[in-house]
Amino acid sequence: MNDFPPISVLIRTFNSAKTLGRAIEALDRMPGDEIIVVDSGSTDHTLQIAEEHGCVILRAPGRFHYSKSLNIGFRAAKNEWVNVISSHHIPVVPDFLAAYRQAIAAFPPDIAVAYGPSTLSGEALDRFDAETIRIFSKEDYDRDCYVCSNRNALYRRSVWEKFPFDEAIITAEDHAWLIQAMSAGYRLAYVPKARGMNCNQGSLRHMFRKGYYDSRCFRKPNHRPMSLWHLGGALKNLTKQLLQGKIDTGNWIRNASHAFGQFFGTRMPEIVPLPPEFRKTDHS
C-alpha cells in the first residue's frame, strides 16, 4: 500500500457533530494522508471532534457556502488527490480510501475527478458493477451525469488549480466544475468500491431548498417538470427503504422534503444554464 499516493480528505462542516466523528473514524488512513475540515461557524462540538481526530481546521468566513469552503480547503491541501466528502457521508467499507488509491494507479492522465456511491442505505447503485471502474467522457454526460456528487468525490488538485469552484452559484458546484473540466477535454471516473452512506442531518427547510435549487441548475432543452407520478415514485422508494430498515424515519422525512423541493423547483425558471456544447439532445 505504501506505493499508492497519499490523499487529502476535505470535509465541509457546519454544526456537523452528529456525524463527523463517524465519517472520520471510518477512513482507512495511511502515512501522508491528511484530513482538512473547513468550518463555517459551528456552535456545537464539531471543532472539538475535528481536533480530537487530528484534523487540519480552517475557518470559512460568513455563512456556509459549498464552493467557498471547497476552494479554501483545496488551497491548503498538500496532496495531488483530494477526496471531498460531506460531513454526513459515512464510508461503509473498510478499504474506502484504498479503493481510490488503487483506482488512481489505473487512471489515464485525463481523469480529472472520480466519484464513489453515496446512497441512503450505503448500498451500491444497481446500475453499475460493484468491482469495475467506469470511465465517462463528455459524450456520456446526458446518460450518466447523476454519478456526479461532492458527497463523495476524488479530485486531481492540479486540475482544480485551473478551474477553482465557482463561488457565484448557490449550489450544484460539482456539476458546474465537471462541465468546465469536460469542456477542456478531461474525463471522469466512477469507483463503485469507494462506497458510503448519506446520513444528511439538515433541517427540513435546508433539504427542501437544496432540492429546489439543485433542480433549477443545468437543464437540458427537453426539460419537463417533475410529475406527480415521479414524485410518488420517489416517496414510494423512500418508504420501501424505511420499511426494510435501511433508513430511519428522520432520513425518510428529510429526503421526502428534498423530493418536494425538486418537484416545485422543476416548475421554476432555470438559474444556472448549461453551456451550448452541452445542450445537445442527440446522445445515445
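1. A word on naming before we start: helices and strands here are DSSP runs, numbered from the N terminus, with at least four residues for a helix and at least two for a strand. With that in hand, His88 is easy to place: this residue sits in the loop between β4 and β5. Please keep in mind throughout that this is a predicted model.

2. Is His88 buried or exposed? Its relative accessible area is 14%, and buried means under 20%, so His88 counts as buried. Leaving aside residues up to four places away in sequence, His88 touches Thr19, Arg151, Met197, Asn198, Cys199 and Asn200. There is also a long step along the chain to look at: Ile11 is 77 residues away from His88 in sequence, yet their C-alpha atoms are separated by 9.3 Å.

3. Now the eight-stranded sheet. It is open, has mixed pairing, and follows the order β3-β2-β1-β4-β9-β6-β10-β8. The edges are β3 (56-59) and β8; each has a single partner strand, so one side of each has no neighbour in the sheet. On average, neighbouring strands are turned by 25° against each other, direction ignored.

4. You can check the pairing at a few places in this sheet. β2 and β3 are parallel and share four bridges, with Val37 partnered by Ile57 in β3. β6 and β10 are also parallel, over four bridges, and there Tyr115 has Tyr190 of β10 as its bridge partner. β8 (residues 134-136) instead runs antiparallel to β10, joined by three bridges; Ile135 is partnered by Ala189 in β10.

5. A second open sheet has three strands in the order β5-β11-β7, again with mixed pairing. Its edge strands, each pairing on one side only, are β5 (89-91) and β7 (118-119). β7 runs parallel to β11 (residues 196-198), and two bridges join them. Look for Ser118 opposite Gly196 of β11.

6. What packs in the largest nonpolar core? This core has 36 residues, and Phe74, Tyr115, Tyr155 and Trp177 touch the most other members. Elements giving two or more residues to the core include β2 (34-39), β4 (81-86), β6 (111-115), β9 (152-156) and α6 (157-162). The largest contribution comes from α7, with six residues. A second core, separate from this one, has 29 residues, including Leu27, Ile49, Ile85 and Phe107.

7. Two helices deserve a look beside that core. α7 lies across β1 (7-13), β6, β9 and β10, and runs at about 150° to β6. α3 (residues 66-76) is mostly covered, with nine of its eleven residues buried. The buried set in α3 is not just nonpolar in name: Lys68, Ser69 and Asn71 are among them, along with Leu70, Ile72 and Phe74.

8. Finally, the helix pair α9 (residues 228-243) and α10 (residues 249-265). Their axes come within 10 Å and cross at roughly 170°, which makes α9 roughly antiparallel to α10. On the α9 side, the contact uses Leu228, Leu231, Ala234, Leu235, Leu238, Thr239 and Leu242; on the α10 side, the residues are Thr249, Trp252, Asn255, Ala256, Ala259, Phe260 and Phe263. By class, this contact has eleven nonpolar and three polar residues, and no charged ones. As general background, nonpolar side chains tend to be buried together in soluble globular proteins.

Definitions and conventions: Residues numbered from 1 in each chain as written. Predicted model: local features only at pLDDT ≥ 70, side-chain atom pairs only at ≥ 80, totals over all residues. Heavy atoms only, no water. Pairing = 2+ DSSP bridges. Buried < 20%, exposed > 50% of the residue type's maximum accessible area, 1.4 Å probe, protein only. Axes fitted to C-alpha atoms, helices over the stretch in contact; angles between N-to-C directions. Parallel < 35°, antiparallel > 145°, perpendicular 65-115°, else oblique. Contact = heavy atoms within 4.5 Å. Nonpolar A, V, L, I, M, F, W, Y, C, P; charged D, E, K, R; others polar. Core = buried A, V, L, I, M, F, W, Y, C linked by side-chain atoms within 4.5 Å.
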